[in-house]
Amino acid sequence: MDIHAATDGFNYRRIIGQGRIESVYAGILANGDQQVAIKRIHPRLVLSNAGFGFSSMMKWLSLADHPNIVPILGFSEAPGERIVVMEFGGMLSLDFYLHQIRDDGASLLDWNCRLRVAAGAARGIEYLHEVMAPHIVHDIKFCARVCDYGLYFFWGNYDQRQLGLMGYIDDEYWIGNDKRGCSKESDVYVLDVVLLELLSGRRSDQQGLLVKWALPLIKEMKFSEFLDNRLVLPSDIRPLVRLAKVALACVGNSRKSRPSVVQVAAILNSLEPYFKTAAYPLSFAFCSDAFFEEMEVLLKM
């Protein structure tokens, strides 16, 4: 694959996303019949991890095979360059669909779509934690399919505050040599911060204010204040209450007491049948099954 040609020489017009680790380009393969997402790792992170075994890591990560994992199709390295090629779905980001509004003020994502995204993400992370060997601790890009898994090593020599990760990382990330850094438990924390975003319609921020705002509302059962007011509450809110309590158990507890992703995924999977009932209708035409299949290959946050 000629990556330079596929991206028109990394033309800025082909950039479809900017992450904490990489810039994402829409690329077209030489045969012209397949679009891919080409992730170019930021040079400062490449230089700070020059001695890391990038090729061996990518060969291992490319073995990941699960419906809720975005597959790695290839990679490339050169002095000062690290490239990862992944499947491309052509959709805008989950962040866009969650926080953009329609002309009538309604949210683009109804409860049905949001909860299916959460369940898909949980299944993907469960696969990385429990099936891949050795287990993979992922980065914090979430969608119905998980991407950027295993690339956290590029953070190594940088203060995570500088990379914009505050608000998604638990307090224990910063405390003590034995607890510092990414872990399965920190992944669960991130997953449930995103679950709070899906339920409330609010973004997490660098001060962690979403968690601080949401936890007392959930504890006091003030769901009319907590749940996204751009959507009409369903006739049966018990699944949403259950999800909120799952998030509470994950972000409100220490790593030692936090539920595992296996437990979280099991709860979300058990609730999926409720999402298909009359209480959780597909409000908009673009939230059809065909649309959701495209949603499953969201590539940026």
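Let's start with strands β1 and β2. β1 covers residues 15–18, and three bridges join β1 to β2. The two strands run antiparallel. Keep in mind that this is a predicted model.

How many residues sit between β1 and β2 in their hairpin? Three.

Now one pair in detail. Take Gly 17. Its bridge partner in β2 is Val 24. Val 24 also has a partner in β3, and that is Lys 39. So much for single residues.

On to the β2 and β3 pairing. Strand β3 spans residues 35–41. Seven bridges join β2 to β3. Here too the direction is antiparallel.

Is β2 mostly covered or mostly open? Mostly covered. The strand runs over residues 22–28, and six of its seven residues are buried.

Next, the helices. I have one pair to show: α6, residues 184–200, and α7, residues 209–219. Their axes lie 11 Å apart. The packing angle is about 70°. An angle of 65 to 115 degrees counts as roughly perpendicular, so α6 is roughly perpendicular to α7.

Which residues make this contact? From α6, we have Tyr 189, Val 193, Leu 196, Glu 197 and Ser 200. From α7, they meet Leu 210, Val 211, Trp 213, Ala 214 and Ile 218.

And what kinds of residues are in the contact of α6 with α7? Eight are nonpolar, one is polar and one is charged.

To recap. β2 bridges to β1 and to β3. α6 packs with α7 at about 70°.

Notes
Residues are numbered from 1 along each chain as its sequence is written. This is a predicted model: local features need pLDDT of at least 70, side-chain atom pairs count only at pLDDT 80 or more; totals for chains, interfaces and linings use all residues. Side-chain values use heavy atoms; hydrogens and water are left out. Axes are lines fitted to C-alpha atoms, for helices over the stretch in contact, and angles run from 0 to 180 degrees between N-to-C directions. Helices (H or I, at least four residues) and strands (E, at least two) are DSSP runs, numbered from the N terminus. Angles under 35 degrees count as roughly parallel, over 145 as roughly antiparallel, 65 to 115 as roughly perpendicular and the rest as oblique. Contact means heavy atoms within 4.5 Å. Ala, Val, Leu, Ile, Met, Phe, Trp, Tyr, Cys and Pro count as nonpolar, Asp, Glu, Lys and Arg as charged, and the others, Gly among them, as polar. Buried means under 20% relative accessible area, exposed over 50%, partly exposed in between (1.4 Å probe, protein chains only). Two strands pair if DSSP finds at least two bridges between them.
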